[in-house]
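Here are a few exercises to work through with the model open beside you. Try each task before reading its solution.

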Amino acid sequence: ALCTVGVYAWGSGTYGQLGLADTRSQTRPVLVAELSDKACTTVVCGQYHSFALTNDCRTWSWGWNVHGQLGLGHIEDVLIPTHIKSLDDFQVIKIAAGYSHTAVLTSKGKLLTF
């Protein structure tokens with residue numbers, strides 16, 4: 001959940017999709033510390049992976065990554081929000097995530113999928 005004081009996560013953490021540096025599940029909202037100093041404007045969740053978009057159009061991903069749906073150039077699960085540096089030049093403005101895929105829309109109208 002995105003609120004004025006940060007990003008909070010709860011629920012199943014099996015693949016690190018909560019971004020809390022572990023795979024434990026949480027029954028109550030917990031602050032995602034890795035994003036606490038970022039000005040997040042959007043948070044999106046797929047089946048077992050999550051994304052955040054910051055006000056400077058930087059994209060962060062974490063969670064299940066068996067199909068490369070985090071956009072990080074590998075297929076290892078990621079337990080904390082990780083900056084997708086390869087998207088920095090695209091100025092991402094929207095993100096959508098599905099079961100094992102992700103789509104981002106750029107300010108120039110390009111749709112990128114992974």
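Two strands count as paired if DSSP finds at least two bridges between them. Keep that cut-off at hand, and remember that this is a predicted model.

**Exercise 1. Work out the order of the strands in the open three-stranded sheet, and find which strands stand at its edges.**

Solution, step by step:

1. Begin with β1 (2-3) and β2 (6-11). Two bridges join these antiparallel strands, and the cut-off is at least two.
2. Locate the bridges by residue. Leu2 has Val7 of β2 as its bridge partner, and Cys3 has Gly6 of β2.
3. Look at the connection: β1 and β2 make a hairpin, with two residues between them.
4. Move on to β3 (26-31). Three bridges link β2 to β3, again antiparallel, and one of the partnerships is Gly11 with Gln26 in β3.
5. Put the pieces together. The order is β1-β2-β3, in an open sheet with antiparallel pairing. β1 and β3 each have a single partner strand, so one side of each lacks a neighbour in the sheet.

As background, strands of a sheet pair through backbone hydrogen bonds, either parallel or antiparallel.

**Exercise 2. Place Asp22 in the structure and list what it touches.**

Solution, step by step:

1. Find its element: Asp22 sits in the loop between β2 and β3.
2. Check its side chain. A polar contact of 2.9 Å connects the side chains of Asp22 and Arg24.
3. Now leave out residues up to four places away in sequence. The residues that Asp22 touches are then Gly13, Gly16 and Leu79.

**Exercise 3. Which strands does β5 pair with, and is β5 buried or exposed?**

Solution, step by step:

1. Take β4 (40-45) and β5 (49-54). Five bridges join them, and they run antiparallel; Thr42 has Leu53 in β5 as its bridge partner.
2. Turn to β6 (residues 59-63), which is joined to β5 by five bridges, also antiparallel. Here Leu53 stands opposite Thr59.
3. Compare the turns. The β4-β5 hairpin has three residues between its strands, while the β5-β6 hairpin has four, and Cys57 in that turn has a positive phi of about 65°.
4. Recall that in a regular strand the side chains alternate between the two faces of the sheet.
5. Inspect each face of β5, using under 20% relative accessible area as the cut-off for buried. His49, Phe51 and Leu53 are buried on one side, and Ser50, Ala52 and Thr54 are buried on the other.
6. Conclude: six of the six residues of β5 are buried, so the strand is largely enclosed by the rest of the structure.

**Exercise 4. Describe the largest pocket: how much space lies in it, and which elements line it?**

Solution, step by step:

1. Start with its volume, which is about 200 Å³.
2. Next, go to the lining of 17 residues, among which Ala9, Gln17, Leu18, Cys45 and Ser50 are the closest to the pocket's centre.
3. Assign the lining to elements. β2, β4 and β5 each give two or more residues, and β2 provides the largest share, with four.
4. Finish with residue classes: the lining has eleven nonpolar and six polar residues, and no charged ones.

Conventions
Residues numbered from 1 in each chain as written. Predicted model: local features only at pLDDT ≥ 70, side-chain atom pairs only at ≥ 80, totals over all residues. Heavy atoms only, no water. Polar contact = N/O pair within 3.5 Å; in protein donor to acceptor, adjacent residues only side chain to side chain. Contact = heavy atoms within 4.5 Å. 1 Å grid on protein atoms, 1.4 Å probe; cavity = no way out; pocket = protein on both sides within 12 Å on 5 of 7 lines; lining within 4 Å. Points joined across faces, edges and corners; volume = space filled by probe spheres on them. Nonpolar A, V, L, I, M, F, W, Y, C, P; charged D, E, K, R; others polar. Buried < 20%, exposed > 50% of the residue type's maximum accessible area, 1.4 Å probe, protein only.
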